[in-house]
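Visitor: I have a model open here and would like to go through some of its backbone details. Could you show it to me and explain the labels as we go?

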Amino acid sequence: MCGIVGIIEPPGQRVERDAVEAMNTAIFHRGPDDGGIFCDGEAGIGMRRLSIIDVEGGRQPIHNEDRTVWTVFNGEIYNYRELRQDLERKGHRFETHTDTETLVHLYEEYGVRGFEQLRGMYAFAIWDSKERSLLLVRDRIGIKPLYYARLGGRFIFGSELKALFCVKGFPFRLNPSAIQEYLSLLYVPGPNTVFEGV
């Protein structure tokens, strides 16, 4: 199943590793095989992994060759082998056999436009340490869950709402229209959630 989490603090502030670890612990059940966290100044990303592809070598977060691009990933990229072959021909060096590593090299080579080539079901985060920017990507159909919110100048995300609950200052304000939708439809249509601002 796997799951991802993260916090981006306002510029000039450092992320607290403990806060990212708390989010990651909240989704332990999504990936009991492995977990990892990467913190870089204002950014902290984490993930829980259910090991399927490259069980031994696929630990996340995964980075590019010079460790300037990092990713945490939930899902599966069906065409990663073809993408990898193309990227290797262009000079990229891979350390693992996972579909996840394809993402950092694809971003390095083509930028955001590279993700148009992906076929699969996924939600992932890319942290670009040179640009100091976070990119969240989800498959076109929205198979893999991804929740996010702004708390003042802070940006938080996770594969489950309960990961966001761990962040100090989460407001827990119910969204009345979403509750009404749930009672009428037995689900909450996106982009709403039962909490305002998420």
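Guide: Gladly! Helices here are DSSP runs of H or I with at least four residues, numbered from the N terminus. Please keep in mind that this is a predicted model.

Visitor: What makes 176-185 a helix, and where is Pro 191 relative to helix H5?
Guide: A DSSP run of H or I needs at least four residues to count; H5 covers 176-185, so it is called a helix. Pro 191 is placed in the segment after H5.

Visitor: What makes the bond between Gly 190 and Pro 191 stand out?
Guide: That peptide bond is cis, with omega about 10°. A cis peptide bond also runs from Gln 60 to Pro 61, where omega is near 0°. Pro 61 sits in the loop between strand S3 (43-49) and strand S4 (62-63).

Visitor: Why is 62-63 called a strand?
Guide: A DSSP run of E needs at least two residues. S4 spans 62-63, so it qualifies.

Visitor: Why is Leu 186 called exposed?
Guide: Exposed means over 50% relative accessible area. Leu 186 has 65%, so it counts as exposed. Leu 186 lies in the segment after H5, and its phi is near 70°, a positive value in a residue other than glycine.

Visitor: Why is Phe 172 called partly exposed?
Guide: Its relative accessible area is 43%. Buried would require under 20% and exposed over 50%, so Phe 172 falls in between and is partly exposed. Phe 172, in the loop between helix H4 (161-165) and H5, has a positive phi of about 55° although it is not a glycine.

How values were computed
Residues numbered from 1 in each chain as written. Predicted model: local features only at pLDDT ≥ 70, side-chain atom pairs only at ≥ 80, totals over all residues. Heavy atoms only, no water. Buried < 20%, exposed > 50% of the residue type's maximum accessible area, 1.4 Å probe, protein only.
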